[in-house]
Amino acid sequence: MTPISRRSFLAATAGLAAAPAFGQSGGSNPDIAIIGAGAAGIAAARRIAAAGKRAIILEAADRVGGRCLTDARKFGVPVDLGAHWIHMPDINPVAKLAPGAGLDVYPAPRGQRLRIGRRYAREGELEDFLAALVRCNRAIQDAARGKADVSCAQAMPKDLGDLQPAIEFFLGPFGCGKDLKDISAVDFAKSAERDIDAFCRQGFGALLAKLAEGLPLELSTPVSLVDAFGRSAVELVTARGRITARAVIVTASTNVLASGKLKFTPDLPKRQLDACDRLSLGSYDRIILELPDNPLGLERDDLLFEKAENERTASLLANVGGANLAFIDVGGKFGRDLAARGERAMTAFATEWLTGLYGTDIGKAVGKSHATQWNASPWALGAFSAAAVGGQPSRRVLMEPFRDRVFFAGEAVHETLWGTVGGAWESGERAAAAALRLFGIVSKPPEQPKVAPQVQRPARAPRPVR
Ligand SMILES: Cc1cc2nc3c(=O)[nH]c(=O)nc-3n(C[C@H](O)[C@H](O)[C@H](O)COP(=O)(O)OP(=O)(O)OC[C@H]3O[C@@H](n4cnc5c(N)ncnc54)[C@H](O)[C@@H]3O)c2cc1C
């Protein structure tokens, strides 16, 4: 992060008098300013409003939701371009708010299919796959109890045979957005159970947008500097003027923080900068294909993996929400390299991959298509965090306030629900509770959910084999 002196800060802000002033929110002097209108920022703002304090959310993009975004225009139906799976809906704080917001959450089918070449895995083969997954989870759990952290790759059993690439994809790029060699065994082991899921009919991003309605919010307002020199206030430099608040909640992703796009004065402590590096975002992207007339013969919200031979693989979610849409998700290093080659290359991969699995020319069946590129999305710069070896404690380091009035929140700032919307939400509530304490308002921060044993985590019950 580039250091900035007090002098350069004053010079940088001198010209701002001419910038358009803050709009309808009238929020130039809020009690608490929140940087970012993703899940963490929305949760924080709701909590602060409920406590009777004035908050303002400053959002760089021209929309709310951050990495949880539903598009309803590209395909004429709601399509989640970011988060889609609502994990553990019974305890997920966002899922619980859906009925009150008038949106429907329905259970995702349990289980997944496995494709081996051009046929489905037989029952025994699927059981072998699931048993191997359980064994790998257990091996990572065991390794995480060791003296020193290791990578998940180091912890894996060495006798997985030809199941290895499929299992590596499932646990690494699909589950965490990174290859197993880049993921801390301790971080993986600490993540909470995520094997029961739901979907929001109108889209997960639409649900978040609904929950943001009525909150004081300034869109298209990137914050470039957080000046925490003051004893009783923090000044923010934004593209549309300056704001002073008693406290600030920063929800920008770890990659945005590490990029130096958002500067701090005085500089953030090295341990917090290092924490951002250790909690860098993995790569996870979605290629969406319109496939009229169900050419793959799959069911609604059918999830499928392949018994891959190498890392060039993906997951398939078919007939999403009952529409003619297929989500082909790629991640890790392969997904990152593919996404860097652009939307055409991504669509070509997805089409060829499905053609290889089903033997019919899927290219002919494809209507519209679209692919996300989250690594290039300027205010995300990646998908979600997964700690590097030795990086799990960094999540706690980011929970430390900076100069007593700058609080960090976001999916990376959660020890067990990292990488999820629910985790981001809870971290936003926790940061809001901490900021409200400056005003003498004491409320109980949300408890971290109990971590269920990981050994069962990916072993969704097998679906019947056709
Ligand atoms: C493709 C994909 C699939 C995913 N799938 C799932 C899933 O199925 N289930 C699940 O639970 N999670 C999933 N996730 C993860 C989930 O989307 C994130 O964990 C969560 O949305 C992060 O919320 P957040 O508030 O921490 O950060 P963000 O959503 O990134 O919000 C931060 C906000 O801050 C803004 N911002 C950044 N810098 C500035 C600045 N300087 N000034 C002003 N504003 C700024 C950004 O524009 C953004 O709106 C997925 C993510 C991706 C990318």
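Residues 1–20 are where this predicted model starts out shaky: pLDDT stays under 50 over the whole stretch. The model still gives residues 1–20 a set of 29 contacts beyond four places in sequence. A second stretch, residues 449–466, also keeps a pLDDT under 50, and here the model has 69 contacts beyond four places in sequence. Where pLDDT is low, the predicted coordinates should not be read in detail. For the protein chain as a whole, the mean pLDDT is 91, and 89% of the residues reach 70 or more.

Zooming out, the secondary structure adds up to 15 helices and 21 strands. Of the 466 residues in the chain, 57% are buried. Contacts also reach across the sequence: take those between residues at least 6 apart, and 76% of them join residues at least 24 apart.

One sheet to look for is an open one with five strands, in the order E10-E2-E1-E14-E21 and with parallel pairing. Its edges are strand E10 (217–218) and strand E21 (406–408), each of which pairs on one side only. Helix H2 (residues 39–50) packs on this sheet. There, H2 touches strand E1 (32–35), strand E2 (55–58) and E14, and the direction of H2 makes about 165° with that of E1. At the E21 edge, strand E14 (residues 247–250) pairs with E21 in the parallel sense, over three bridges. To find one of the spots where they meet, start at Val-250 and look across to its bridge partner in E21, Phe-408.

Strand E16 (residues 284–290) makes antiparallel pairs instead. Seven bridges join E16 to strand E19 (residues 325–331), and the two run antiparallel. E16 is also joined to strand E20 (residues 369–371), by three bridges and again antiparallel. Particular residues help to trace these pairings: Leu-289 has Ala-326 of E19 as its bridge partner, while Ile-288 has His-370 of E20. In a regular strand the side chains alternate between the two faces of the sheet. How much of E16 is buried? Six of its seven residues are, so the strand is mostly covered.

Helix H3 is a good place to see helices crossing. H3 (residues 93–101) packs against helix H8 (residues 204–212) at an angle of about 70°, with the axes 10 Å apart. That angle makes H3 roughly perpendicular to H8. On the H3 side, the contact involves Val-94, Leu-97, Ala-98 and Ala-101; on the H8 side, it involves Phe-204, Leu-207, Leu-208, Lys-210 and Leu-211. Sorted by type, the residues of this contact come out as eight nonpolar, no polar and one charged.

H3 also packs against helix H15 (residues 421–437), this time at an angle of about 90° and with the axes 8 Å apart. H3 is therefore roughly perpendicular to H15. Pro-93, Val-94 and Leu-97 make the contact from H3, and they meet Val-421, Gly-422, Trp-425 and Glu-426 of H15. The tally for this contact is five nonpolar, one polar and one charged. Val-94 and Leu-97 turn up in the contact with H8 and again in the one with H15.

A few spots in the backbone also deserve a look. Most residues other than glycine have a negative phi, and most peptide bonds are trans. The bond joining Thr-265 and Pro-266 is cis, with omega about -5°. Pro-266 sits in the loop between strand E15 (263–265) and helix H10 (270–278).

Ser-220 has a positive phi, near 50°, although it isn't a glycine. This serine lies in the loop between E10 and strand E11 (223–227). With a relative accessible area of 39%, Ser-220 is partly exposed. Arg-403 is another residue other than glycine with a positive phi, near 50°. Its place is the loop between helix H14 (394–397) and E21. Is Arg-403 buried or exposed? Neither label fits: at 41% relative accessibility, Arg-403 counts as partly exposed.

Definitions and conventions:
Residues are numbered from 1 along each chain as its sequence is written. This is a predicted model: local features need pLDDT of at least 70, side-chain atom pairs count only at pLDDT 80 or more; totals for chains, interfaces and linings use all residues. Side-chain values use heavy atoms; hydrogens and water are left out. Axes are lines fitted to C-alpha atoms, for helices over the stretch in contact, and angles run from 0 to 180 degrees between N-to-C directions. Helices (H or I, at least four residues) and strands (E, at least two) are DSSP runs, numbered from the N terminus. Angles under 35 degrees count as roughly parallel, over 145 as roughly antiparallel, 65 to 115 as roughly perpendicular and the rest as oblique. Contact means heavy atoms within 4.5 Å. Ala, Val, Leu, Ile, Met, Phe, Trp, Tyr, Cys and Pro count as nonpolar, Asp, Glu, Lys and Arg as charged, and the others, Gly among them, as polar. Two strands pair if DSSP finds at least two bridges between them. Buried means under 20% relative accessible area, exposed over 50%, partly exposed in between (1.4 Å probe, protein chains only). pLDDT is the predictor's confidence in each residue, from 0 to 100.
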